[in-house]
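Got a new structure in front of you and wondering where the labels come from? Let's go through a few of them together.

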Amino acid sequence: LARRGTALLHWSPGCARAPAAWPLPTLYCTPAAAGAVPSRAAALRLQLLFALRQRALRVLEAGLAAELHDALVALRAEWPQLAQELALGRLSPQPGLPEGVRDQLQALLTPDAARAAELRAECACGFEGIMMRLWPQLEVVVVRTAHGAERLYCDSLRQADCRGLPFYCPFYQAAGALLGVNLWPAEPVPRFLLCPDWAFCEFLPCLANKEPRTVLLDELWEGREYGLVVTAQQGEYRCRTEEVLKVAGFHKQCPVVEPVRRESQTLSVRGESIPEEQFCQSLCRTLRMWPGARLIDYVCVESSLLGDSSGPCAPHYEVFMELQGLRDLSEGQRYKLDQCLQEDFPIYKSFRFKGSIGPLRLHLVRPGTFTRLREALGSPVPMPRVLHEEQLLQLIQASVIS
């Protein structure tokens, strides 16, 4: 672990201190105050600027894969201004950056014309593999949350900006408790060894009766899925996390798990229950039928949240997507997603045939919509795939272009 050899991209509003996982203030080249500003966009941009100063970076760490994704989107859009700030050693005024914090961070900057010239040269050559070109000594991208909804961003980054770099998700945490460690950094899908002494975990079998009893670590079966219940040592509170884990195997006598979905992100307007990860699989299958289309982000809404704006129709889903490579979709192309859902979920198909569920409606939104949505969430949480708040729905609806 080289001194100042790690950059952190993580928004932690009002929490200007070093991350608990690494209590080493000299490890990071990104000042803690940069991540604590009220604006998510400003925090990620500031941390990116300090990371760019350090050519000898070895590790790039992000709290969420979406935070790394959005920081690199900012790099694509603002690299000329970032290069100017590096060259002059001066922060530009920006929304969401308090003057006091700006002055504090400004004192840490010095002019670096050579690094600014390098940034201009590399960005002018395009952004595929940009991270390896900007930081030639970079060895790994560490992401604290890379499963579930965040996997979409990891896959996108691996294919473009982070091409050639390994991703590593070291820990599994839920409900504020650290629960497991990833002993297999080379594997693309993170698996976690549950550590018995870190918190008290109970498990609800997913295919049990209506009132299943919880089971303990030594009662788990390989290949089965369980809902997670945690009692954290800090406050001794017991809660159902709404996370579902699959037992992938055992390491000696301790279970190894893969997080597969969040129960709160299930689509259901008639009790059909389409899980988060299976809806994503149907969506990805649909994308392969749209030549040239690349998925940037998506979110779903059940029509009950829309109220009268959904019109006089049967309950249905509405999907909001940001695509790259296609400006519009024909009605036939839009129907492909509904068709794939019917093929993948017989219960959904049955309700569609009876008319109990109406046809899915698909909308395209303008670029940058989901970055603004993550800002509006107000805290660094994994991206929701089913919206339940009207305020967030209104933000998405205001960005529809087709």
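Q: How far apart do the C-alpha centres of domain 1 and domain 2 lie?
A: They're 34 Å apart. Keep in mind that this is a predicted model.

Q: Which stretches do those domain names stand for?
A: The chain is split into domain 1 (6-168), domain 2 (189-262) and domain 3 (266-398).

Q: Why is α8 called oblique to α9?
A: The axes of α8 (residues 331-344) and α9 (residues 346-354) cross at roughly 120° and come within 5 Å. Angles of 65 to 115 degrees count as roughly perpendicular and those over 145 as roughly antiparallel, so with its crossing angle α8 ends up oblique to α9.

Q: What makes the contact between these two helices?
A: On the α8 side you'll find Y335, D338, L341, Q342 and D344, and on the α9 side P346, Y348, K349 and R352. Sorted by type, the residues of this contact are four nonpolar, one polar and four charged.

Q: How do you know that β8 and β9 pair?
A: Pairing takes at least two bridges, and seven join β8 to β9 (residues 225-232), with the strands running antiparallel. For instance, F200 has T231 in β9 as its bridge partner.

Q: What makes β5 and β8 edge strands?
A: The open sheet has seven strands in the order β5-β6-β7-β11-β10-β9-β8, paired antiparallel. Both β5 (171-174) and β8 (199-205) pair on one side only, which earns them the edge label. Neighbouring strands in this sheet are turned by 50° against each other on average, ignoring direction.

Conventions: Residues are numbered from 1 along each chain as its sequence is written. This is a predicted model: local features need pLDDT of at least 70, side-chain atom pairs count only at pLDDT 80 or more; totals for chains, interfaces and linings use all residues. Side-chain values use heavy atoms; hydrogens and water are left out. Helices (H or I, at least four residues) and strands (E, at least two) are DSSP runs, numbered from the N terminus. Axes are lines fitted to C-alpha atoms, for helices over the stretch in contact, and angles run from 0 to 180 degrees between N-to-C directions. Domain bounds come from an automatic or database domain assignment. Angles under 35 degrees count as roughly parallel, over 145 as roughly antiparallel, 65 to 115 as roughly perpendicular and the rest as oblique. Contact means heavy atoms within 4.5 Å. Ala, Val, Leu, Ile, Met, Phe, Trp, Tyr, Cys and Pro count as nonpolar, Asp, Glu, Lys and Arg as charged, and the others, Gly among them, as polar.
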